[in-house]
Amino acid sequence: MSMHNKEYRPTLAQLRTFVTIAENKHFGTAAAKLNISQPSLSQALSALENGIGMQLIERSTRKVIVTPVGERLLPYAKAALDATDIFVAHSRGSYGQLIGPLSLGVIPTIAPYLLPTLLPRLQQEYPELEPRIVEDRTTNLLHMLREGRIDAALLALPTEAPGVVDIPLYQEEFVVVVPDSHPLAGRDDLSLQALDDLQLLLLNDGHCLHDQIVDLCRKADLNPSQAAGSITRASSLTTIVQLVAGGLGSTLIPISAVEAECQRPGLSTASFAPGVSAERHVGLAYRASSSRSAEFTKLGSTITRAYRAAVPLRQESAVY
């Protein structure tokens, strides 16, 4: 590498090249995304590396590795590109407005129940917004968020992820789903101890709802391992509720899922007594380096209103 040139200033194209290669870990993919040839891509990266006198990307035959210096500088390159976007948004008078493409990650235990009310509402309130929805588990969404592949994520809080800001939106209570013939069917005065008598069916590991229910059991000094260790495994609430209808056990689901999932025969629900803390906290997460906090705050309030419309509000539900 050449000595660092004090006069050197990277171009936005060079920074964008570095960020795109670092995110995709592949020269061909990065070139295709930027719509340039691979030689032009390599040239832009080399110019950047020579200019600062440091290697950012290690090129080996098999894979692309971001060097430790590259990892350290990557957030600043992204922040510089974010700042350019703000500049353009201000120049168009669209700063803080929800317009143009916005990719929103949503966890699978929220997406099917909230999107039917949220998407029409977004279209009505922000006709120029082009929402793109990515449904995935929390860990994958946070990874995509940090890499800049999605703009924000709707998930259970707290995320406790470095470089990520959480906007709390609403608390959502859990409802117990049991077979019709179950002694708890229809009750609305359950304590957490009631979970001890249930053969709980849980989503696969990796779903945050699985962890929340296990935590809830621990909070009540119950041992959730019989549920966590049971052989029955499902990757969607729809399947779990079918298993309950088939007599294989009981489960807990967020109240927003009740209407969609519990209309089939053979099922009943039961709820916790007022004051029993059995809920999840839902919110919007975005990168701390993003300039779009005003937009995400607006988006958050629309999401909260959509949730209120989707779920008949009970006294103990809380909206922040």
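**Start at H210**

Select H210 and D205: their side chains are joined by a polar contact of 2.9 Å. Keep in mind that this is a predicted model. Now add D211. Its side chain makes a polar contact with the side chain of H210, at 3.2 Å. Color residues 208-219 to see helix α7, which holds H210. Is H210 buried or exposed? H210 counts as buried, because its relative accessibility is 7% and the cut-off for buried is under 20%.

**Zoom out to the whole chain**

Show the cartoon. The protein has 11 helices and 9 strands. Its C-alpha atoms fill a box of roughly 75 × 45 × 30 Å along the principal axes. Of the 320 residues, 48% are buried. Switch on the surface. The accessible area is about 15,700 Å², and carbon and sulfur atoms account for 53% of that area. Take contacts between residues at least 6 apart in sequence: 75% of them join residues at least 24 apart.

**Color by confidence**

The mean pLDDT is 88, and 90% of residues reach 70 or more. Where is confidence lowest, and where is it highest? Select residues 225-228 for the low end: helix α8 has a mean of 51. Select residues 152-157 for the high end: strand β5 has a mean of 96. Where pLDDT is low, predicted coordinates should not be read in detail.

**Color by domain**

Give each domain its own color. Domain 1 covers 12-92. Domain 2 comes in two pieces, 100-169 and 280-310. Domain 3 covers 172-279. The C-alpha centres of domain 2 and domain 3 are 26 Å apart. Their contact takes 12 residues from domain 2 and 20 residues from domain 3.

**Into the nonpolar core**

Select L114, L154, V176, L195, L284, L299 and I303. In the largest nonpolar core, a set of 80 residues, these touch the most other members. Then color residues 164-179, strand β6, which gives the largest share of this core, 9 residues. Domain 2 and domain 3 both contribute residues, so the core lies between them.

Center on V176. Beyond residues up to four places away in sequence, V176 touches three leucines, L190, L195 and L198. It also touches T251 and L252. S268, T269, A270 and F272 complete the list of residues that V176 touches. A second, separate core has 20 residues, including I21, A30, L41 and V66.

**E172, in strand β6**

Stay with strand β6 and select E172. How accessible is E172? E172 is buried, with a relative accessible area of 0%. Display the backbone nitrogen of I255: a polar atom of the E172 side chain lies 3.4 Å away from this nitrogen. Now show what surrounds E172, leaving aside neighbours within four places in sequence. P254, I255 and S256 are among its contacts. So are A278, E279, R280 and V282. Y307 is also in contact with E172.

**T304, in helix α11**

Color residues 293-310 to see helix α11, then select T304 within this helix. T304 counts as buried, at 7% relative accessibility. Add P10 and draw a line from C-alpha to C-alpha. The two residues are 294 apart in sequence and 42 Å apart in space.

**Backbone stops**

Most residues other than glycine have a negative phi, and most peptide bonds are trans. The next three stops depart from that pattern.

Which bond joins L157 and P158? It is a cis peptide bond, with omega about 0°. P158 sits in the loop between β5 and β6.

Move to K25, in the loop between α1 (12-24) and α2 (27-34). K25 is not a glycine, but its phi is positive, near 50°. At 36% relative accessibility, K25 counts as partly exposed.

Finish at N35, in the loop between α2 and α3 (38-52). N35 is not a glycine either, and its phi is positive, about 65°. Is N35 buried or exposed? N35 counts as exposed, because its relative accessibility is 72% and the cut-off for exposed is over 50%.

Conventions:
Residues are numbered from 1 along each chain as its sequence is written. Side-chain values use heavy atoms; hydrogens and water are left out. Helices (H or I, at least four residues) and strands (E, at least two) are DSSP runs, numbered from the N terminus. Buried means under 20% relative accessible area, exposed over 50%, partly exposed in between (1.4 Å probe, protein chains only). A polar contact is a pair of N or O atoms within 3.5 Å; within protein, one must be able to donate a hydrogen and the other to accept it, and residues adjacent in sequence count only if both atoms are side-chain atoms. A nonpolar core is a set of buried Ala, Val, Leu, Ile, Met, Phe, Trp, Tyr and Cys residues joined through side-chain atoms within 4.5 Å. Domain bounds come from an automatic or database domain assignment. Contact means heavy atoms within 4.5 Å. pLDDT is the predictor's confidence in each residue, from 0 to 100. Accessible areas come from the Shrake-Rupley method with a 1.4 Å probe; for residues, only the protein chains shown count as cover.
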